[in-house]
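Student: I have a new model open on my screen and would like to talk it through. Could you help me read it, one question at a time?

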Amino acid sequence: MTWDSVPSVFIRWEGARIFDRYRWATWRGTIDIKRGHVERYAPWGLDHPAKIVASEGPRRMRFDTDTFGDADGIEFWVNDVKRMDFAIHVEIPNFNGGTTIDLHVNGEMLETHKGSVSFEVGGIGLKLVVEQLTEQELPRDIRGHLQVALHPGLNGIYLRARQQDDHRVFTSPLFITRQ
């Protein structure tokens with residue numbers, strides 16, 4: 001499978017404002033398709049009827065959702081990822097007195113950034129991500145090395161992973177003593 005044969009682009013927004021019961025982040029915005037052709041789209045992660053993803057014509061999508069640490073998004077099936085050009089405008093009215101993001105992503109940027117472009121907002125994992133999805137089966141096991149910065153003495157660290165379908169796994173704390 002080559003990079004440009006993947007017919008799907010996923011735009012997602014995720015995270016929470018703070019570690020608290022009132023942690024939600026409200027995401028309101030539009031996605032304008034400046035170039036390329038979208039064959040179809042599907043909302044993703046909308047777990048409540050009040051969350052909205054709607055078409056405002058052939059080249060504009062509108063969304064109004066809340067995330068509580070989870071992710072919401074839209075998957076776009078396209079003819080040619082390289083020819084796509086998205087202009088994304090997002091407002092998070094309940095974060096830092098109101099936060100606005102304007103992100104422009106095209107197929108060339110996705111290729112340059114190995115299939116994923118993201119904008120870190122802050123908070124607890126608040127970010128906007130545009131990524132190309134693959135049709136290939138993803139690995140079930142991960143092996144490798146991880147370097148961590150440790151303070152002197154006992155350190156507790158957690159490992160967290162997110163699958164493509166947004167299921168997550170967390171380890172129990174791993175305690176490491178640095179001499």
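Student: Is W24 buried or partly exposed, and what is its relative accessible area?

Tutor: Happy to help, and please keep in mind that this is a predicted model. Buried would require a relative accessible area under 20%, and exposed one over 50%. W24 falls in between, so W24 is partly exposed, with a value of 30%.

Student: Which residue forms an aromatic pair with W24?

Tutor: The partner sits in the loop between β5 and β6, while W24 is in the loop between β1 and β2, so the pair ties together parts 44 residues apart in sequence. The two rings are 6.0 Å apart, centre to centre, with 45 degrees between the planes, which makes the pair tilted. The partner is itself partly exposed, at 38% relative accessible area. The residue you want is F68.

Student: How many aromatic pairs does a search of the whole structure find?

Tutor: Besides the tilted pair of W24 and F68, there is one between F10 and W44. The search of the whole structure gives a total of four.

Student: What is the geometry of the F10 and W44 pair?

Tutor: F10 is in strand β1 and W44 in strand β3, 34 residues apart. F10 is buried at 3% relative accessibility, whereas W44 is partly exposed at 21%. Their ring centres are 5.0 Å apart and the planes make an angle of 80 degrees. Planes over 60 degrees apart count that way, so the answer is edge-to-face.

Student: Which residues touch the most other members of the largest nonpolar core?

Tutor: This core has 30 residues. Strands that each supply at least two of them include β1, β2, β5 and β10. One of the well-connected members, I31, is in contact with I11, F76, F86 and I88, among others farther than four places away in sequence. The residues that touch the most other members are I11, W27, I31, F76, F86 and I88.

Student: Which strand holds F119, and is this residue buried or partly exposed?

Tutor: Leaving aside neighbours within four places in sequence, F119 is in contact with I101, L103, L126, K127 and L128. Its relative accessible area is 36%, so F119 is partly exposed. The strand that holds F119 is β9.

Student: Which residue forms a salt bridge with D64?

Tutor: D64 lies in strand β5 and its partner in strand β2, so the bridge ties together parts that are 36 residues apart in sequence. D64 is partly exposed at 25% relative accessibility, and the partner is partly exposed at 38%. The closest N and O atoms are 3.4 Å apart, and the partner is R28.

Student: Is K51 buried or partly exposed, given its salt bridge with D70?

Tutor: The side chains of D70 and K51 meet at 3.8 Å, N to O. This pair links the loop between β5 and β6, home of D70, to the loop between β3 and β4, where K51 sits. With a relative accessible area of 11%, K51 is buried.

Student: Which residues make the nonpolar surface patch of about 390 Å²?

Tutor: One of its members, L159, is placed in the loop between β11 and β12. At 36% relative accessibility, L159 counts as partly exposed. The patch is made by L146, V148, L159, L174 and I176.

Technical notes:
Residues are numbered from 1 along each chain as its sequence is written. This is a predicted model: local features need pLDDT of at least 70, side-chain atom pairs count only at pLDDT 80 or more; totals for chains, interfaces and linings use all residues. Side-chain values use heavy atoms; hydrogens and water are left out. A nonpolar core is a set of buried Ala, Val, Leu, Ile, Met, Phe, Trp, Tyr and Cys residues joined through side-chain atoms within 4.5 Å. Buried means under 20% relative accessible area, exposed over 50%, partly exposed in between (1.4 Å probe, protein chains only). Helices (H or I, at least four residues) and strands (E, at least two) are DSSP runs, numbered from the N terminus. Contact means heavy atoms within 4.5 Å. Patches are made of residues with over 30% relative accessible area and no salt bridge: like charges are joined within 9 Å, nonpolar side chains (Val, Leu, Ile, Met, Phe, Trp, Tyr) within 5 Å. Accessible areas come from the Shrake-Rupley method with a 1.4 Å probe; for residues, only the protein chains shown count as cover. A salt bridge is a side-chain nitrogen of Lys or Arg within 4 Å of a carboxyl oxygen of Asp or Glu. Rings of Phe, Tyr and Trp (its six-membered ring) pair if their centres lie within 6.5 Å; planes under 30 degrees apart count as stacked, over 60 as edge-to-face and the rest as tilted.
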